[in-house]
Amino acid sequence: MADEKPPEDALSDLRRRVSAARGEGASNTPPPQSPASLALRYGGEFGAAVIVGALLGYGVDYFAHTSPWGLIIGVVLGFVAGVVNVVRVAQSYSRSNPVGPDTPSISDDEED
């Protein structure tokens with residue numbers, strides 16, 4: 001009886017053998033993003049940057065008594081930071097999901 005493995009080891013060994021038989025390896029690749037989640041991420045990145053810029057600008061106006069210039073500059077800088085964030089996320093998505101050479105192109109609606 002001392003030669004038997006504990007039940008936990010036998011169960012994990014069985015799970016490992018079943019996954020190997022099914023061809024399921026340890027996959028570290030995340031599932032592809034849906035268009036809705038990608039759109040929400042773009043909007044969240046952009047919106048958060050504009051809100052943070054506006055709040056920082058308002059804070060500068062409050063403490064430096066420079067109203068409305070701090071808020072205006074904060075919103076503009078937040079807008080620029082939001083655009084940079086969206087471009088960064090889009091480039092990251094493009095790198096992780098490249099377009100294949102056999103992907104059909106979108107036809108032009110114009111009549112020649």
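The legends below describe close-up views of a predicted model.

**View 1. The whole chain is built from helices, without strands.**
The protein has 3 helices and 0 strands. Read from the N terminus, its elements follow the order α-α-α. The helices are α1 (residues 7-22), α2 (residues 35-64) and α3 (residues 69-96). The protein has 112 residues, of which 10% count as buried. Among contacts with a separation of 6 or more, 55% are between residues 24 or more positions apart.

**View 2. Helices α2 and α3 cross at roughly 155°.**
Two packed helices are described by the angle between their axes and the distance between the axes. For α2 and α3, the axes come within 7 Å. The crossing angle is roughly 155°; angles over 145 degrees count as roughly antiparallel, and α2 and α3 are therefore roughly antiparallel to each other. Their crossing is right-handed.

**View 3. A salt bridge joins arginine 88 and glutamate 45.**
The closest N and O atoms of arginine 88 and glutamate 45 are 3.5 Å apart. This pair links distant parts of the chain, with arginine 88 in helix α3 and glutamate 45 in helix α2, 43 residues apart. Arginine 88 is partly exposed, at a relative accessible area of 42%. The structure holds 3 salt bridges.

**View 4. Asp13, Arg16 and Arg17 form a network of salt bridges.**
Aspartate 13 meets arginine 16 in a salt bridge with an N to O distance of 2.5 Å. These two residues lie 3 residues apart in helix α1, so about one helical turn separates them. Aspartate 13 also meets arginine 17 in a salt bridge, here at 3.6 Å, N to O. Arginine 17 and aspartate 13 are 4 residues apart in helix α1, and this spacing is also about one helical turn. The side chain of aspartate 13 thus takes part in a salt bridge with arginine 16 and in another with arginine 17. Arginine 17 is partly exposed, with a relative accessible area of 47%.

**View 5. The loop between α2 and α3 contains histidine 65 and proline 68.**
Histidine 65 has a phi near 55°, a positive value in a residue other than glycine. What is the relative accessible area of histidine 65? The value is 70%, and histidine 65 is exposed, since over 50% counts as exposed. Further along this loop is proline 68. The peptide bond that joins serine 67 and proline 68 is cis, with omega about 0°.

**View 6. Aspartate 61 is buried and has no salt bridge.**
Aspartate 61 belongs to helix α2. Which residue carries the nearest side chain of opposite charge? That residue is arginine 88, 26 Å away from aspartate 61. Arginine 88 instead forms a salt bridge with glutamate 45. A salt bridge requires a nitrogen and an oxygen within 4 Å. Leaving aside residues up to four places away in sequence, aspartate 61 touches Thr66, Ser67, Pro68, Trp69, Gly70 and Leu71. One of these, Pro68, lies in the loop between α2 and α3 and is joined to serine 67 by the cis peptide bond of View 5.

Note on methods. Residues are numbered from 1 along each chain as its sequence is written. This is a predicted model: local features need pLDDT of at least 70, side-chain atom pairs count only at pLDDT 80 or more; totals for chains, interfaces and linings use all residues. Side-chain values use heavy atoms; hydrogens and water are left out. Buried means under 20% relative accessible area, exposed over 50%, partly exposed in between (1.4 Å probe, protein chains only). Lys and Arg count as positive and Asp and Glu as negative; His and the chain ends are not counted. Contact means heavy atoms within 4.5 Å. Axes are lines fitted to C-alpha atoms, for helices over the stretch in contact, and angles run from 0 to 180 degrees between N-to-C directions. Angles under 35 degrees count as roughly parallel, over 145 as roughly antiparallel, 65 to 115 as roughly perpendicular and the rest as oblique. A crossing is left-handed if the near helix is turned anticlockwise from the far one by less than a right angle, and right-handed if clockwise.
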